[in-house]
Amino acid sequence: MANVSPALRDALAASSDYQIVTSHLSALLLSYPPPFIFIHDPENARLTSSVVASTLELLASQNDAAVDLTYSCLNAVACFSSRVLFDTALNALARWTPDWENGALNWSASADGRRYNENFDAFVHGIQAIYADPETCARHANASGRGKGKEKAAEASQTTRRMVLLIDRAERLKDNLPELIVPLTRLAELTQVDITTIFISENQWQDIRPPLRASPEPYYIDVPFLSRQATLDILASTFPPPNPTAGGAADPDAYSPVLKPLYAHFLATLYSACGPFTHDPAELAYIAAARWPGFVQPVLDAHRRPREDDPSEYPDQDVEEGDGGLRPPSEDVRLRLTRLFTPSLTAALESLYPRLTHAAHWARTHAPPPDLLSVPPAHASQALHAHVSSLTAAAGEGAGGAGMEALPRMAKFVLVAAFLASTNPARSDLRMFGRGPDERAKRRKRKVATPRKPKPGTTGTAVKIPQRLLGPTTFPLDRLIAILGVLLEENDAETRPVAPQYSLPGEYTETEISRVALYGNIMELASMRLLIRTSPPERLDGTPMFKCGIGYELAAKLARELGIVLSDLMYEPL
């Protein structure tokens, strides 16, 4: 399900807006639930799915409930095929965990290993087998600790067994598995067991509903919008986090309970800066986790300085035990911090909301200078900007080198080959990369002709712009593999391990460029946007087309590491 921290999930479940949804859903599931429930949350669907999954877990763990609830939580994005959806649902309903030591087998009701993922009919039989399996009933009773011996059998007979199938991001079923929408909504009718299907989506049911009204009308539950104050209360309730120093970079005093009023003021400023772009509490909490340690660091630095430096900034207040004498800052200090760090909240939103970097790295590169409050207010902003600029420049240089060094050697060859394929025209490959006697014979030298005189009234011939200034061009995958083979044969032959089984010239290289690991490297580079795939991934006919995603400076750096003279292989050298 959605990747939401437990503290934020508990805070959401305790909020009044989500309590309406959870209490409503709990009352339905413990009494007479409808066969199909549709939960609509257009703003925070992944948070709603996390809260609903937590509610199902709580209902399933109750020992004194009259309903023995088993549930399965699926994500329509992860379940991209019907077999994945069927296996995931049946394993969760049967409380079966595949084990790698035993071959990662899926659940099966019989010893012969019968599969229930072939089609929807087999999936229906699998649900019926789980519902009617007496061993599964006993296993559920043992897991919940209900009774012993005859008492357990009597209570099991009185307890109502109920199944719940929860599907998050249900709108993706319309694109990936449209044929399963109708049978999933009619699952209770097809299986003839007590099972409820719950769809959670950010789209309305009218946008997902199959044509001709083949699906039944669901029971609608609309999640209310979170107001500003409700969002701030949810975020404030997560302070302090369970493990504030889990990443190893945060100061432990930054999450002292004494600073909670300052944190509430910081959240209000954060919401004012980021609220026009996102209201998601998870995203706001992520940005707050990156900015708060730097926001409160000047206060901690001033606290660790001798108290006689400026005692007026910290008036006498009651000190809680265990905080080392830390006191909340004065109102003047709050206003200074707000003026200094408000511009950085927009920068944090631009970098962290689209996940251009992660929170820990951003917090390190935007840390304030030591003793920022001791700097005169007129020069504090310039000092903060200069310090952040130096940290960003140093991190940029280190990150660039470290990123390239972390790449495998074969990936570096692929990037250099992709740069040459995007820069050189396809007609020049034989001239630039041909190495045998036949290829050399086919090479043709450029004809040097005298320039023609321009016609009267014209400025002359058009100036040809170099390809490296026009940007990379697309190339097919087979051309990339061919250029890569030439580079490996000429620049990697001496560093390879000894392989006496390859005796023919070029045989070793042919084996290397045909390995599955090479194609895995290409797809990994495409996911990192170092290679840009221009052809649709779902297109099966035709060769995949790519485009290089690195520039000349980075390609030249990789070429120097590999011992490749890049300028000799470029059609238009610099």
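**Figure 1. Arg46, at a relative accessible area of 29%, is partly exposed and takes part in a salt bridge with Glu283.** The view comes from a predicted model, in which local features require pLDDT of at least 70 and side-chain atom pairs pLDDT 80 or more, while totals for chains, interfaces and linings use all residues. Residues are numbered from 1 along each chain as its sequence is written, and side-chain values use heavy atoms, with hydrogens and water left out. The distance from N to O in the Arg46–Glu283 pair is 3.6 Å. Arg46 belongs to helix 3 (residues 45-60) and Glu283 to helix 14 (residues 281-304), so that the bridge links distant parts of the chain, 237 residues apart. Glu283 is buried, with a relative accessibility of 10%. (Buried denotes under 20% relative accessible area, exposed over 50%, and partly exposed in between, with a 1.4 Å probe and protein chains only; a salt bridge places a side-chain nitrogen of Lys or Arg within 4 Å of a carboxyl oxygen of Asp or Glu; helices, H or I of at least four residues, and strands, E of at least two, are DSSP runs numbered from the N terminus.)

**Figure 2. A salt bridge joins Arg162 to Asp194.** The closest N and O atoms of Arg162 and Asp194 are 3.0 Å apart. Arg162 lies in strand 3 (residues 160-168), whereas Asp194 lies in the loop between helix 10 and strand 4; the pair therefore ties together parts that are 32 residues apart in sequence. Arg162 is buried, at 5% relative accessibility, and Asp194 is partly exposed, at 23%.

**Figure 3. Glu217 and Arg209 form a salt bridge.** Their closest N and O atoms lie 3.1 Å from one another. Glu217 is partly exposed, with a relative accessibility of 46%, whereas Arg209 is buried, with a value of 16%. Elsewhere, Arg46, Asp280, Glu283 and Arg355 are joined into one network by salt bridges that share partners. The search of the whole structure finds 14 salt bridges.

**Figure 4. Helix 13 (residues 260-274) crosses helix 12 (residues 228-237).** The axes of helix 12 and helix 13 come within 10 Å and cross at roughly 135°. Helix 12 is thus oblique to helix 13, and the crossing is right-handed. Helix 13 also packs against helix 15 (residues 331-352), at an angle of about 45° and with the axes 10 Å apart. This pair is oblique as well, and helix 13 passes helix 15 in a right-handed crossing. (Axes are lines fitted to C-alpha atoms, for helices over the stretch in contact, with angles from 0 to 180 degrees between N-to-C directions; under 35 degrees is roughly parallel, over 145 roughly antiparallel, 65 to 115 roughly perpendicular and the rest oblique; a crossing is right-handed if the near helix is turned clockwise from the far one by less than a right angle, and left-handed if anticlockwise.)

**Figure 5. Gln192 and Asp371 have positive phi values.** Most residues other than glycine have a negative phi. Phi of Gln192 is near 60°. Gln192 is found in the loop between helix 10 (187-191) and strand 4 (195-201), and this residue is exposed, at 65% relative accessibility. Asp371, likewise not a glycine, has a phi of about 50°. The loop that holds Asp371 runs between helix 16 (359-365) and helix 17 (377-406), and Asp371 is partly exposed, at 27% relative accessibility.

**Figure 6. Leu190 and Arg533 are each shown with a residue distant in sequence.** Leu190 is placed in helix 10 and is partly exposed, with a relative accessible area of 41%. The C-alpha atoms of Leu190 and His125 are separated by 9.7 Å, although the two residues are 65 residues apart along the chain. Arg533 is placed in strand 7 (residues 531-533) and is partly exposed, at 26% relative accessibility. Between the C-alpha atoms of Arg533 and Phe475 the separation is 9.7 Å, with their positions 58 residues apart along the chain counted as the distance apart.
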